[in-house]
Amino acid sequence: MDINRRQVLWAGGAIGASALLAACSGGGDTSDKAAGAGAKPKKGGTLRVGALGRASAVTRDPHGTQANESDYLVISLVHDTLTTPGAKTNTAPRLASGWQASDDLKTWRFTIAKGAKFHDGTPVTAEDVVWSLRRLRGTPSGASRLPGIKAENIKAEGTGTVVLVSDYANAELPLLTRLTTFVLKKDTSEKELGKAPGTGPFKLEWFRSGNARLVRNEDWHGGEVLLDAIEVKIFESPQAMSNALLAGQIDVASNVGAVAARTAEKRGDIQIVRRPNDMAMPIVMRTASGPFANPKVREALRLAVDREAMVKQVLSGYGTVGNDILGTGDPAYAKDVPQRARDLAKAKSLLKEAGFDTSKTYKLVTTEDISGLAESATLFATQVREAGVKIEVVKQESATFWDKTWLKGDLYTTYWGTNDSVVFFASKTMVSESGQNETGWKNTAFDAAYRKTIGTKDAAARAKVLRELQQIQHDTSGYLLWGVADGIDLAAAPVRGLPTLPGYGRVQLERAWLAR
Amino acid sequence: MAGPLSRTATQPATGPAGGEDLRPARPVLSGVLRLGGLLARRALLLAVLLATVFAAVELLPGDAANATSERGESAADLAQRRELLGLDRPVLTRFTDWMTGLPTGDLGTTARGESVADLLSRPFPNTLLLGGLALLATLVLSLALGCWAALKPGGRADRAVSATATGVLALPEFVVAVALVLVFALWTDWLPAVTLTDADGSPASWQMLVLPVLALAIPQIGWNTRIVRAALADEAKAPHVETALIDGLPRRRILVHHLLPGATPTIAAGVATSTGMLLGGAVVVETIFNYPGIGSVLAGAVTDRDSPVVAGVVAITGAVITGVFLLADLVRAWASGGRI
């Protein structure tokens with residue numbers, strides 16, 4: 001029990017005493033991890049979770065822009081969204097226990113879960129949900145968070161049903177209600193937002209400068225919560241968070257990254273939790289104009305990249321190889337599309353056919369927004385050089401990049417954290433009229449496939465057309481998806497029941513428990 | 001983390017308070033007037049600095065509306081956000097608005113709709129605590145080391161202290177910080193690796209302060225030990241010290257009664273200069289130790305182009321540094337005046 005030596009030395013308060021008890025009981029080592037894996041979940045204990053965030057960007061508004069993972073974690077433990085990311089289907093029930101679409105796929109009825117109550121005991125009504133969704137719709141981000149749904153088309157039907165009417169047929173509408181549809185009591189005042197009672201698995205005890213303590217909601221509609229409390233600690237840097245975990249000051253370092261995992265590999269008493277399909281870092285090649293407008297050139301670059309080497313070096317092996325289709329974590333992801341592999345000879349001949357000017361040096365613009373992004377650009381440049389393409393990597397400061405390069409540049413890196421839906425990417429970044437058409441792509445066959453996908457109610461027919469949509473993307477889109485990074489959490493040995501879903505699925509801590 | 005060069009550059013700026021010639025006639029009134037003038041000058045300097053901050057943030061690419069938006073917001077959404085944040089008004093209007101709130105303690109609103117004064121209310125005292133302890137450690141240790149070295153000029157202690165001090169002052173804070181975490185937290189497990197806060201937003205235990213304070217203070221101790229040692233050496237050449245030596249007074253007595261009083265103005269100026277360095281170094285050290293201070297707030301605010309937050313941090317740290325400089329000026333005036 002190396003971790004607790006200091007706490008025993010300084011033992012003063014309750015923490016020291018409990019650490020001492022843990023040390024005396026002789027548990028908590030790797031042997032315990034193996035033994036506890038199949039053990040019966042235990043009630044009790046406080047889980048100390050580190051999450052990334054900046055003190056200057058703290059947001060308490062559940063419908064605001066949460067730049068801090070720590071804020072989002074707190075909000076999503078206190079408040080429920082209508083639906084939530086799931087494992088078998090990418091949309092699982094949360095505050096809504098079920099949903100039903102009309103035949104034209106425009107009108108969707110969400111049923112509020114039985115027994116759902118706010119933390120002050122009042123039952124959740126459809127009016128509360130309608131008020132919350134309309135409030136969300138009214139924020140500057142509202143139009144992009146609930147696309148196609150006007151505020152006046154969010155209505156209550158009785159006390160237990162909420163009706164959303166979309167402007168167009170949308171088979172994937174429930175997907176839109178997963179991440180930010182936090183429900184508050186009707187007419188919660190702006191001042192009370194931070195303290196307003198939620199319906200979630202934990203109640204807020206206190207919140208201060210990004211740190212918070214939450215206690216169990218005994219009456220949660222979603223089932224029994226095991227932990228007594230969760231303490232959320234805000235960390236500005238993954239490095240400090242990893243140090244805190246290694247030194248035993250926190251139990252979970254959420255989304256701490258591959259670098260920290262590499263350090264922790266040597267430690268037997270630390271669990272490395274991998275959440276596949278967490279972060280896509282595709283290279284964007286402009287299809288509308290410029291040197292990469294010819295599909296043959298794009299195909300050549302896709303054949304020139306060494307995907308395994310990228311995953312191994314850029315992601316330290318913590319990731320999977322991509323096949324130029326975004327939405328790799330979707331249960332409907334087309335695994336049967338043949339994997340594109342490196343073929344330098346073919347790449348060279350394609351470039352020749354396309355008349356690509358190999359004497360020129362092309363700029364690949366990147367940022368250091370997320371770890372590994374700039375490194376991926378550099379390695380990519382080195383690799384495609386072998387196919388005769390000269391690329392110079394240009395690092396831009398984040399704000400400059402989003403202002404000047406994004407959506408406009410010929411060749412740049414981007415990144416996306418929602419990778420469990422193929423349709424999400426199709427609707428946001430690939431269909432002709434999408435607001436974030438990063439590659440400037442206009443493909444009539446793709447557009448038709450997309451419209452058919454979201455307009456088809458029959459599941460089997462939809463799966464077929466969704467497969468077609470992915471094939472078109474694989475063949476001709478402007479994305480080069482070499483791989484997808486795992487999300488990585490580090491956890492102390494006794495922690496059990498941590499989520500393994502990608503992206504925002506990492507906040508589902510309501511089933512976590514402590515084996516000590 | 002400016003190098004030693006900037007230190008020597010700022011030192012003359014705090015230069016001799018001057019005006020000892022005003023001595024006998026109504027000393028109190030002239031003192032108050034001088035103090036008032038000094039304060040007014042410093043306040044004006046601060047206002048200019050704040051204007052520069054607003055202008056600088058304005059010149060950076062992107063703005064707070066961009067930085068706090070989500071991907072996929074349309075131009076109309078962005079315009080709505082810009083209006084919500086008041087960014088559609090000219091920078092001069094925003095600056096004047098912000099400045100008029102300043103005397104009432106209103107530091108404006110962050111780009112995410114939180115009150116800046118609230119945002120800084122916990123981090124600022126935390127940084128003051130960290131900086132204050134580091135300043136205290138710097139003062140005590142550099143005085144002790146400097147005096148120890150000066151007791152036997154050219155002796156073994158003198159050479160050892162001077163060499164170490166020079167080596168240490170060249171170390172950037174983050175190198176010191178990373179080394180401290182590695183040795184005292186991760187290898188030996190004697191002290192906490194990071195600072196965690198309790199419900200009231202301050203560090204949860206005193207042990208958490210040890211490493212950040214050391215990381216901040218060590219380079220400054222190096223710098224100030226050199227100053228103390230040099231000031232004492234200068235003072236040792238003064239005739240009254242030589243007389244004391246010839247009179248055969250004990251070395252310790254000479255140090256305390258003859259050398260230190262004369263060296264005080266220089267030492268005070270050196271330590272005061274360190275205040276700025278300590279607060280600057282705090283940005284780095286706070287990140288490494290996850291210390292809940294103002295440094296991390298500032299770094300994030302610049303990324304977000306959040307002018308009210310950046311200006312708020314500059315205003316209150318500027319006020320503190322001004323206060324310390326003023327104190328140093330008073331100490332020097334008192335020390336040199338007392339001798340005449």
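1. In this predicted model, strand 6 of chain A and strand 7 of chain A (residues 161-165) are paired in the antiparallel sense over 4 bridges. One such pair can be picked out by residue, since A:Val163 in strand 7 of chain A is the bridge partner of A:Lys155.

2. These strands belong to an open sheet of 4 strands in chain A, which runs in the order 4-5-7-6 with antiparallel pairing. Strand 4 (96-101) and strand 6 (154-157) of chain A are at the edges and have a single partner strand each, so one side of each lacks a neighbour in the sheet. From one strand to the next, the twist averages 25 degrees, and helix 5 of chain A (residues 126-138) packs on the sheet, where it touches strand 5 (107-112), strand 6 and strand 7 of chain A, its direction making about 180 degrees with that of strand 6.

3. In chain B, the axes of helix 9 and helix 10 (residues 207-236) come within 9 Å and cross at roughly 140 degrees, which makes helix 9 of chain B oblique to helix 10 of chain B. The crossing of these two helices is right-handed. Among the residues that meet there are B:Leu180 and B:Phe184 from helix 9 of chain B, and B:Leu214 and B:Ile218 from helix 10 of chain B; by class, the contact has 12 nonpolar, no polar and 1 charged residues.

4. The contact between the chains takes 39 residues from chain A and 49 residues from chain B. On the chain B side, the elements that give two or more residues include helix 9 (173-187) and helix 12 (251-289), and the classes on that side are 21 nonpolar, 15 polar and 13 charged residues.

Conventions: Residues are numbered from 1 along each chain as its sequence is written. Chains are lettered from A and ligands numbered from 1 in the order in which they are written. This is a predicted model: local features need pLDDT of at least 70, side-chain atom pairs count only at pLDDT 80 or more; totals for chains, interfaces and linings use all residues. Two residues are in contact if their C-beta atoms, placed from the backbone, lie within 7 Å. Ala, Val, Leu, Ile, Met, Phe, Trp, Tyr, Cys and Pro count as nonpolar, Asp, Glu, Lys and Arg as charged, and the others, Gly among them, as polar. Axes are lines fitted to C-alpha atoms, for helices over the stretch in contact, and angles run from 0 to 180 degrees between N-to-C directions. Angles under 35 degrees count as roughly parallel, over 145 as roughly antiparallel, 65 to 115 as roughly perpendicular and the rest as oblique. A crossing is left-handed if the near helix is turned anticlockwise from the far one by less than a right angle, and right-handed if clockwise. Two strands pair if DSSP finds at least two bridges between them.
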